[in-house]
Amino acid sequence: MPITIAKIAELCGVSRGTVDRALNNKGNVRPEVCERIKRVAEEQGYRPNRAGRALVRTRDPIRIGVIVHSAPTAFMQTLLYACQAEAAEAAGLGVQVIFRTMKGMDPEDMVFKINDLVENEHVGGLAISPLAHVHVQQALTRVIDELHIPVVTFNSDLPAINRLCYVGQDNIAAGRTAAGLLGLLLGHEPATVLVITGSTTVHQSYNERVFGFCNELSLQFPNLTQLAVQNCEDRVDLAEQIVLDTLERVPELSGIYIASTGYEGVCRALTHTGMQRKIRVIAHDLVAHNLVMARCQVLDFVLGQDAQSQGALPIRYLREFLLDGKRPEPAVQYTDIEVKFHYNITERDCADAEGRTVSLHVES
């Protein structure tokens with residue numbers, strides 16, 4: 001006969017309500033009691049009735065909050081598409097996912113949304129692509145250490161906080177990969193390279209990519225001269241102007257690495273000046289625009305970071321932790337660095353990327 005909550009309560013000398021709170025991570029149970037209950041449950045082979053619990057959760061759902069910055073960008077749209085699919089599956093288990101999206105990268109807006117989800121929506125878990133700002137770190141530290149709400153970071157990370165897990169790319173490795181590809185394309189003759197990045201003050205991923213790229217290029221390809229890194233502030237028009245200005249000043253420019261969004265502007269500048277296929281370009285994100293540009297060989301290589309995993313896994317891990325107490329292992333999960341170029345991109349790839357958009361309202 002399967003072990004019941006009532007039997008676990010009897011063995012531990014506590015009420016059934018205490019067992020329920022301990023096994024479902026609801027809080028209000030002393031740590032030593034919670035540990036004893038979970039140990040007894042495991043020793044006795046307790047398995048929760050998922051169907052019954054899901055039925056209960058339809059009346060009292062577990063809530064998971066999701067915060068995504070830069071939501072209108074093509075990559076974040078792809079990521080949100082995966083989030084929605086996972087949220088629909090979680091709903092079948094009585095887990096409600098509440099989205100808060102941001103148009104840009106305002107740290108104070110992110111803090112506001114963290115507090116809103118915690119204080120007004122009463123979420124039991126939080127998945128967030130955090131901005132690298134002290135106020136965001138302080139808000140998440142309070143959520144984790146004082147309110148005991150688990151947090152999973154994705155796409156970007158804050159290693160200083162006690163988060164449950166990070167799901168995203170190893171951005172330093174991605175930058176090194178970009179350097180290796182560009183170095184191979186340009187060969188061992190002297191050449192000049194331009195690096196373009198985005199909102200580096202709050203987007204740590206960009207900084208890590210640029211660090212990995214510049215360090216690897218200087219170590220492995222000393223024949224390549226790196227110009228000063230340019231910041232396009234994630235703006236297409238500014239990225240375009242940076243390339244046009246650089247071509248005027250440095251007509252011998254041979255390669256471009258763009259570590260952020262703004263790749264549309266880079267491609268526009270090259271096609272406008274007739275320099276496509278003459279200047280080698282490495283970009284990030286397997287979005288429709290980049291796949292089309294790679295098929296046309298305006299972009300030489302595009303590096304992907306598995307938006308599907310970044311969108312789905314944080315919600316799944318929080319759901320499993322809140323329902324079953326299962327912690328994700330390992331605590332840092334790097335997604336694959338995919339490499340796409342002219343010869344391995346199909347029309348279907350481009351069409352699928354074009355279709356991965358969401359209908360969520362993006363807050364200003």
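**Close-ups of a predicted chain**

**View 1. The whole chain, and who touches whom.** Take the contacts in the protein chain between residues at least 6 apart in sequence: 73% of them join residues at least 24 apart. Keep in mind as you look around that this is a predicted model. Along its principal axes, the C-alpha trace spans about 80 × 35 × 35 Å. If you like counting elements, the chain has 14 helices and 13 strands.

**View 2. Inside and outside.** Here's the chain again, this time with burial in mind. It has 364 residues, and 51% of them count as buried. What about the outside? The protein chain exposes about 16700 Å², and carbon and sulfur atoms supply 50% of that area.

**View 3. How sure is the predictor?** The mean pLDDT of the protein chain is 92, with 94% of the residues reaching 70 or more. Now find residues 54-58, where the pLDDT is below 50. In the model, this stretch still has 10 contacts beyond near neighbours in sequence.

**View 4. A hole in the protein.** Rolling a probe the size of a water molecule over the atoms shows where empty space is left. In this structure, there is one cavity of 30 Å³ or more. The largest cavity holds about 160 Å³ of space.

**View 5. The walls of that hole.** Which residues lie nearest the centre of the largest cavity? They are F75, N155, H203, Y206 and D285, and the full lining is made up of 17 residues. Two elements give two or more residues each to this lining: helix 5 (74-91) and helix 9 (204-220). The largest share comes from helix 9, with three residues. Sort the lining by chemistry and you get five nonpolar, 10 polar and two charged residues.

**View 6. Zooming in on L224.** Look for strand 7, which covers residues 224-226, and you'll find L224 there. Is L224 buried or exposed? With a relative accessible area of 6%, L224 is under the 20% cut-off, so it counts as buried. Setting aside neighbours within four places in sequence, the residues in contact with L224 are G183, L186, E189, A191, V193 and L217.

**View 7. From L224 to A22.** Step back from L224 and pick out A22 as well. These two residues sit 202 residues apart along the chain, and 59 Å separates their C-alpha atoms. For scale, you can set that distance beside the spans of the C-alpha trace, about 80 × 35 × 35 Å along the principal axes.

Notes:
Residues numbered from 1 in each chain as written. Predicted model: local features only at pLDDT ≥ 70, side-chain atom pairs only at ≥ 80, totals over all residues. Heavy atoms only, no water. 1 Å grid on protein atoms, 1.4 Å probe; cavity = no way out; pocket = protein on both sides within 12 Å on 5 of 7 lines; lining within 4 Å. Points joined across faces, edges and corners; volume = space filled by probe spheres on them. Helix = DSSP H or I, 4+ residues; strand = E, 2+ residues; numbered from the N terminus. Nonpolar A, V, L, I, M, F, W, Y, C, P; charged D, E, K, R; others polar. Buried < 20%, exposed > 50% of the residue type's maximum accessible area, 1.4 Å probe, protein only. Contact = heavy atoms within 4.5 Å. Areas by Shrake-Rupley, 256 points an atom, 1.4 Å probe, with all protein chains shown as cover. pLDDT = per-residue confidence, 0-100.
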